[in-house]
Amino acid sequence: MQQRLQKLIATAGIASRRHAEELISAGHVSVNGRVVTELGTKADPDTDHIKVNGRLINPQLAQRVNVYVLLNKPRGYLTSVSDPEGRPLVVDLIPPSLGRLHPVGRLDFNTEGLLLLTNDGEFTNLITSARNQIPKVYKARVQGTPSDKAIDRLRRGVLIGEGESTAPAEVRRLRSSESNSWFEVVLHEGRNQQVRRMFDAIGHSVVRLKRIRIGDLEDQNLRTGEWRTLTAIEVKRFKKPRKVKPETDRRRVRVVRR
Ligand code: URA
């Protein structure tokens, strides 16, 4: 059956659909020996030879088993599959026997906590799509003691760059000492370095940041640097978030909004 090339590349686990589109536009994809750069071009994996960077992807499409991994990322690891500077990579923490996996979304080099990895480009596309903003929960230690008024600014949305404001967020103070304060932050969007830039905007830099939940997924038994595969139910929950009445759970209502 004919399918769009970007979908086939994503299904083969080579890249997310968005990245697959970039590969096509940049001339890295060929069908039956001819380079294809037009997005939306279709091919049939049963009859056409589809190559990405000169490598045939038909065998991957035929044999593929989807793998979904939850990693508790340590600080000092890059959320990437490669790095020209040779820094430690999150994929180095996963055994090669699980195949070639890519991270779903991103955590900064010095952010720790839960990170999904998979070979399923369609899954990545679903989780990272701007339409499907799965809430992500972070625990942040920040410098000093922000006032309640400053925290209210974060809750309402704050300017974090030129013309760039954040959407309303849930921010809960966990505790404060003389030199530091701890907060739980629930974000429904994923801007670059968002938590750090939010606290920078109120003059209290983040000194430690950990993601503790992605949607409904959390795991307090997974130690830093450890990983596990997702259960079939956990994968399904991401694909079909439960519908919850608005008056009973506002957070989950955002999950099902598509
Ligand atoms: N917000 C940040 O500032 N960094 C992350 O890694 C994730 C969210």
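Visitor: Which helix gives the largest share of the shell around the ligand?
Guide: Helix H6, residues 194–201, supplies three residues of that shell. Keep in mind that this is a predicted model.

Visitor: What makes a residue part of the surroundings of the ligand, and which residues are they?
Guide: One heavy atom within 4 Å is enough. Leu107, Asp108, Thr111, Tyr138, Gln193, Gln194, Val195, Arg196 and Leu209 surround the ligand.

Visitor: What makes the pair between Thr111 and the ligand a polar contact?
Guide: The limit for a pair of N or O atoms is 3.5 Å. A polar side-chain atom of Thr111 is 2.9 Å from a ligand oxygen, so the pair counts.

Visitor: How do you know that Gln193 and Arg196 make polar contacts with the ligand?
Guide: Use the 3.5 Å limit again. For Gln193, a polar backbone atom lies 3.2 Å from an oxygen atom of the ligand. For Arg196, a backbone N or O atom lies 3.0 Å from a ligand oxygen. Both pairs therefore qualify.

Visitor: How much of the ligand does the protein bury?
Guide: The protein buries 96% of the 240 Å² that the ligand exposes when taken alone. The ligand takes up the space of the largest pocket.

Visitor: How do the shell residues divide by type?
Guide: Four are nonpolar, three polar and two charged.

Visitor: Which domains each give at least three residues to the shell?
Guide: Domain 2 (68–131 + 216–256) and domain 3 (135–214) each do. The assignment also gives domain 1 (3–62). The C-alpha centres of domain 1 and domain 3 are 40 Å apart.

Terms used: Residues are numbered from 1 along each chain as its sequence is written. This is a predicted model: local features need pLDDT of at least 70, side-chain atom pairs count only at pLDDT 80 or more; totals for chains, interfaces and linings use all residues. Side-chain values use heavy atoms; hydrogens and water are left out. A polar contact is a pair of N or O atoms within 3.5 Å; within protein, one must be able to donate a hydrogen and the other to accept it, and residues adjacent in sequence count only if both atoms are side-chain atoms. Accessible areas come from the Shrake-Rupley method with a 1.4 Å probe; for residues, only the protein chains shown count as cover. On a 1 Å grid over the protein atoms alone, a cavity is a set of points where a 1.4 Å probe fits but cannot get out, and a pocket is an open set with protein on both sides within 12 Å along at least five of seven lines; lining residues have an atom within 4 Å of a point. A molecule sits in a cavity or pocket if more than half of its atoms lie within 2 Å of its grid points. Helices (H or I, at least four residues) and strands (E, at least two) are DSSP runs, numbered from the N terminus. Ala, Val, Leu, Ile, Met, Phe, Trp, Tyr, Cys and Pro count as nonpolar, Asp, Glu, Lys and Arg as charged, and the others, Gly among them, as polar. Domain bounds come from an automatic or database domain assignment.
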